[in-house]
Amino acid sequence: MSTAKKEYKRITTKTLVDMKSNNEKISMLTAYDYTMAKILDNAGIDVILVGDSASNVMAGHETTLPITLNEMIYHASSVVRAIDRSLVVVDLPFGAYQSDPKKALRSAIRIMKESGGHAVKLEGGKEIKDSVKRILNAGIPVMGHLGLTPQSIYKFGTYTVRAKEEEEAKQLKKDALLLERLGCFAIVLEKVPAKLAEEVAKSLQIPIIGIGAGSSVDGQVLVTHDMLGMTHEFNPRFLRRYLNMFTEMTNAFKQYKNDVKSGDFPSEKEQY
Ligand code: KIV
């Protein structure tokens, strides 16, 4: 049974803000290709994130740092071709926005023009303020990302929960307010204490979308391959697995192999 309160024909950045004021939670999942995006859009997922987690999930890198702007554009344009309803948000990859606001704008324009994505997501707070401002001034919607920001993994040194200490929590609240004031339409909060996430969500007008940030935020995001159980070695506490695709797919592949080896496939009905 659907829990959506209102039928939205097409999700826009404004729809998400309306959802927050109507107390309707926002559903967000990742996609990096046409086929997955088609299924997510058809299932009514509100926001599809072309995450730089493609670096891990698609390319097998240890971190999100190696993925390039060209690779993100390739993934995003495949996703956009599948979409009728969902809002498509595309991550600006590491190195495409941190060093210089003009470069950040050029990167965001390339994403919008070459992929057809609807918005970009950037990691960080006050340190990327000028880049966020410049992108917003060009009319490109920006989603923020605070808390555990995987592009800074070598600064953090670990993927554990962020902002448990008072000082970091204070800075996170300031950064969230700053991003709202600059004009971001939503913020992803990753791996922070649920109490802090709730405080941030309550104090801002724009939606807070959590991943490992508890239930008192305005929406949730997961990496699709994780929630489908395709990436079976990744087991954070915040992850709910809806399928066990690793086992299901392994069994299907084994069955196919057996059928080929035994001559059972193809049958008479499966040939011309
Ligand atoms: O890249 C990604 O998939 C993300 C989500 C984890 C929020 O940024």
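**Entry 1: helix H9**

I began with the surroundings of helix H9, and I found that its buried residues are covered by, among others, helix H1 (13-21), helix H8 (166-182), strand S6 (186-190) and strand S7. I note at once that this is a predicted model. Which residues of H9 are buried? Within H9, which spans residues 194-203, I listed Leu196, Ala197, Val200 and Ala201 as buried. These residues cover an arc of only 135° around the axis, and therefore they lie on the same side of H9. I then turned to the other side of H9, where Lys195 and Lys202 are exposed.

Just ahead of this helix I looked at Lys191, which lies in the loop between S6 and H9. Its phi is positive, about 45°, although Lys191 is not a glycine.

**Entry 2: helix H6**

I put the same query to helix H6 (residues 129-137), and its buried residues came out as Ser131, Val132, Ile135 and Leu136. Seen down the axis of H6, the buried residues fall within an arc of 130°, so they line one face of the helix. Among the elements that cover them I recorded helix H5 (101-115), strand S4 (119-121), strand S5 (142-147) and H8. After H6 comes Gly139, and I noted that its phi is positive, near 85°.

**Entry 3: the nonpolar cores**

Nonpolar side chains tend to be buried together in soluble globular proteins, and I looked up how they group here. The largest nonpolar core has 60 residues, and the ones with the most contacts inside it are Leu92, Val120, Leu122, Val132, Ile135 and Leu189. Which helix gives the most to this core? I found that it is helix H4 (residues 69-80), with six residues. Apart from this core lies another, of 18 residues, and its members include Ala119, Met143, Ile209 and Ile211.

I followed Leu122 further and left aside its neighbours within four places in sequence; its contacts are then Leu92, Tyr97, Ile128, Ser131, Val132, Ile135, Val142, Met143, Gly144 and His145. Of these contacts, I had already met Ser131, Val132 and Ile135 as buried residues of H6.

**Entry 4: strand pairing around S8**

How many bridges join strand S1 to strand S8? I read four bridges between S1 (residues 26-30) and S8 (residues 219-222), and the pairing is in the parallel sense. Strand S7 (residues 208-211) also pairs with S8 in the parallel sense, here over two bridges. I checked what stands opposite Gly219 in S8, and I found Ile26 in one case and Ile209 in the other. Ile209 is also one of the residues of the 18-residue core.

**Entry 5: backbone details**

Asn23 is found in the loop between H1 and S1. I noted its phi near 60°, a positive value in a residue other than glycine. Is Asn23 buried or exposed? Its relative accessibility is 61%, which is why I count Asn23 as exposed.

I also looked at the peptide bond from Phe265 to Pro266, which is cis, with omega near -5°. Pro266 is found in the segment after helix H11 (245-262).

**Entry 6: ring contacts**

A search for aromatic pairs returned one for the structure. I separately looked for charges over rings, and I found the charged end of Arg162 over the ring of Phe156, 3.9 Å from its centre.

**Entry 7: three single residues**

I looked up Glu62 in the loop between helix H3 (54-57) and H4. Glu62 has a relative accessible area of 72% and is therefore exposed. Not counting residues up to four places away in sequence, I found that Glu62 touches Asn56 and Tyr159.

Ile39 is found in helix H2 (residues 34-42). I recorded this isoleucine as exposed, with a relative accessible area of 51%; the cut-off for exposed is over 50%. I took the C-alpha to C-alpha separation of Ile39 and Ile83, which are 44 residues apart in sequence, and it is 9.4 Å.

Gly95 is found in the loop between strand S3 (87-91) and H5. At 33% relative accessibility I count Gly95 as partly exposed. Gly95 and Leu179 are 84 residues apart in sequence, and I noted 20 Å between them in space, C-alpha to C-alpha.

Technical notes
Residues numbered from 1 in each chain as written. Predicted model: local features only at pLDDT ≥ 70, side-chain atom pairs only at ≥ 80, totals over all residues. Heavy atoms only, no water. Phe/Tyr/Trp six-rings, centres within 6.5 Å; stacked < 30°, edge-to-face > 60°. Lys NZ or Arg CZ within 6 Å of the ring centre and 35° of its normal. Pairing = 2+ DSSP bridges. Buried < 20%, exposed > 50% of the residue type's maximum accessible area, 1.4 Å probe, protein only. Arc of directions from axis to C-beta. Contact = heavy atoms within 4.5 Å. Core = buried A, V, L, I, M, F, W, Y, C linked by side-chain atoms within 4.5 Å.
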